[in-house]
Structure formats: C-alpha cells, structure tokens
Amino acid sequence: MTDPQIPDRYLDGYARILTEVSATGRRLTRDEIESRRTLGEQAADAGHGLRDLVRAHLAAARVSWPHTTGSTDTALATVQQVVDAFAEGYERAQRLAVRQEEAARREFIDDLLYGRSDLGRLAERAERFGLRLSHAHAVAVAQGPAAYDEGDEVPRQVERALMTRFGDRSILLTTKDGRLLCVAPGHQEEILTQFAKQVYAATDGCRVAVGRSQPGPGGVVQSYEEALNALDMAERLGLDGPVLRAADLLVYPVLTRDRQAMADLVLDTLGPLTAARGGAEPLLDTLTTYFDSGCVAAEAARRLTLSVRALTYRLERIHKLTGADPADPAHRYKLQTAVIGARLLDWPAQDL
C-alpha cells in the first residue's frame, strides 16, 4: 500500500518497471527515466512533500517485491534509479518555482519602490509578501562600502537577526541598486532602529537613512524617496553619524526648493571669497568647520589642525572680503545659510 496522501498516478507504471527490470537485469530506458522525472515535476507542482513521495515509492516496492524473480541487488538498484529520477524531476520543478517566485518578488519590489503599478493592484500583490499597504509604512535604506545583492551573506545575516527578534511582523527586506532596504509598519520604529544596528554590525560600518512613516499604498515609495534624499544630502553636506532620519533633515530641502534664490545668496554672500589666495575653498572649509563646531574657535582650530590665532586670522579675512563677521550673531545666520547652500549646490566646484 502507498501513502494515502499520495495519489496513485505519481506511481503510474512503477510496479511494472520494478518487476520487469528486476527479472531481466536491464537498466531503465531513457523514456522510463524521463517519465519518472515528469511525474516528479507534477508531484512538486501539486505541493506534495518529497519525503512522503519517497516513502510511497518504498511502500510500493515492498508490495511488488514478492513478484520479482531477479536478484535483490538488481531490484534495489532499480528502486534507486526510479527514486533518483523522480527526485531529479521534483527538484527541477522546485528550482523553476523558486526562480518564478524570485522574479515575481523582484517585479513587485520594483513596482512598489517606483510606484509604476496601479495602486489597487499593487495593494493586492503586497499581501502575498506580508505587507498591507492600507497601513502606514516607513523605509530604511542602508548604503555600505560594497554593493549588495539579494543572496549575499550580509542581507541574509541581517534578515536572520530581524526575524529572530521580531518574527514575521510584515517586514520586507530586500536590495535595490546595491543598497539594503527594510520596509516596516510605520508605528514599529524599533524594527528600523534594529535594522540599522544589524546592518552597521554586519558591514563593519554603514550609513542608514530612515524615511518618515507615510500612509496608504503610495506611502512606501514616498518614504523610500525620502531615505534616498537623506543619503544624498548627507553625502553633499558631509554629515556625520551612521543613522540619518529624514524628519531631522527637512530644513535642507526647504532651503533648496528655490534653487535660483539659493544660488543668488551663495554668490552674493560668499562670491568675494574667490578673490582670496588659494581660492574660496579653504575659507569656505573654515566657515563650515567653525559653524559645525558651534562657533567655538578653539574646537574649530583643533578640527582644522590650526592654531587659534591662525583660525582667527582666517575669520578676519572672511569678514574683510565678504563684509560679514562670522562671530557676529547679526551676520551669522546669513553666512551659515549661504555655507549650507554652497555645500548643497557643490559650489565653488560647480558654477552657479
């Protein structure tokens, strides 16, 4: 008797092959092997477990055993051939299913992050991958020293750590353009915080940007774009820190919303620095460090590896060229805003 859960059609012709081959001592023909592979593929597509299928083959062999006239060794070799061919077909079907699943997942992720699909249809597909797009979601994007693909060790290590701690809480982990991404429910900020910690540990130093929680089917792409913009902003501004939150950087997009107005401010305020010996960049770096140091001259001098006297001389030179005194609170806001604008617009490397 075979396993009652396994239909007899997956053993079609098996008893005849076993009896005939064990009696004659011949090997299975090419057509017989291919027929076993085909049945294995069909069983895999139907969702039957390989262990149950093998058990069914062994049980059927026991039933056919008394009717064989050949040697035990020949009969066992035949069973081995049949099961091996059947398992090969089963595994072939599974590999195809995995490739199809991976392709469907990648297509869904691309549509999700670029908003290219109908939102209603996208929400339906999302449920297959554990996301409910009617809820709010936030996206964290990690950019490391190397590019990462889906099957690399780092993504797998991070995924194992998150699943061990949080289980399946509607978390989607993936890669895009060499970066690691984590999509999580918007009210579970601790998931993205842990993602940042795990990525940093797994990559020996990695910068993570976290977008704001955004509602609805289009919320994921909005949060993703915020995270990407935060990474770009940090690169241009030279911001320190392994974790960047888009909510903390909202002032910078505001400053650059009117690009022409910002360019005018940069040129009008800092343009005279180009007349200095060595150009504008050394003095611009001085202002950047001075403001980043909280306008503390001693700390700014230390960061620039200058004496306080040398730093003071540079600040005086800036005052003379621009007419604005960095140490004067009345002038400081205009100067600092212009410095931020210069960094965002990559001036003076880029003409404005």
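**Exercise 1. Is phenylalanine 291 buried or exposed, and what is its relative accessibility?**

Solution. The model examined here is predicted, with local features requiring pLDDT of at least 70, side-chain atom pairs counting only at pLDDT 80 or more, and totals for chains, interfaces and linings using all residues. Residues are numbered from 1 along each chain as its sequence is written, and side-chain values use heavy atoms, with hydrogens and water left out.

Step 1: take the cut-offs, by which buried means under 20% relative accessible area, exposed over 50%, and partly exposed in between (1.4 Å probe, protein chains only). Step 2: apply them to phenylalanine 291, which has 8% relative accessibility and therefore counts as buried. Step 3: turn to tyrosine 290, which at 4% relative accessibility counts as buried.

**Exercise 2. Classify the one aromatic pair that the structure holds.**

Solution. Step 1: rings of Phe, Tyr and Trp (its six-membered ring) pair if their centres lie within 6.5 Å, and planes under 30 degrees apart count as stacked, over 60 as edge-to-face and the rest as tilted. Step 2: the structure holds one such pair. Its rings belong to tyrosine 290 and phenylalanine 291, and because their centres are 5.8 Å apart and their planes stand at 55 degrees, the pair is tilted.

**Exercise 3. Reconstruct the sheet around strand S3 (residues 179–185).**

Solution. Step 1: helices (H or I, at least four residues) and strands (E, at least two) are DSSP runs numbered from the N terminus, and two strands pair if DSSP finds at least two bridges between them. Step 2: the open sheet has five strands in the order S2-S3-S1-S4-S5, with mixed pairing. The edge strands, each pairing on one side only, are S2 and strand S5 (243–245).

Step 3: on one side, strand S1 (residues 137–143) runs antiparallel to S3 and is joined to it by six bridges; alanine 140 stands opposite cysteine 182, and alanine 138 has alanine 184 as its bridge partner. Strand S2 (residues 172–176) also runs antiparallel to S3, with five bridges between the two, and threonine 175 is partnered there by leucine 180. S2 and S3 form a hairpin with two residues between them, and aspartate 177 in the turn has a positive phi of about 55 degrees.

Step 4: add the helices, where contact means heavy atoms within 4.5 Å, and where axes are lines fitted to C-alpha atoms, for helices over the stretch in contact, with angles running from 0 to 180 degrees between N-to-C directions. Helix H7 (residues 189–203) lies across S1, S2, S3, strand S4 (207–210) and S5, and runs at about 160 degrees to S3. Step 5: six of the seven residues of S3 are buried, so this strand is largely enclosed by the rest of the structure.

**Exercise 4. Describe the surroundings of threonine 203 in helix H7.**

Solution. Step 1: threonine 203 is buried, with a relative accessible area of 8%. Step 2: leaving aside residues up to four places away in sequence, threonine 203 touches Pro145, Tyr148 and Val154. Step 3: a polar atom of the threonine 203 side chain lies 2.7 Å from the backbone oxygen of valine 199.

**Exercise 5. Which values of phi and omega are found at cysteine 295 and at the bond from tryptophan 347 to proline 348?**

Solution. Step 1: cysteine 295, in the loop between helix H11 (281–292) and helix H12 (297–303), has a positive phi near 60 degrees although it is a residue other than glycine. Step 2: the peptide bond from tryptophan 347 to proline 348 is cis, with omega near 10 degrees.

Technical notes. Polar contact = N/O pair within 3.5 Å; in protein donor to acceptor, adjacent residues only side chain to side chain.
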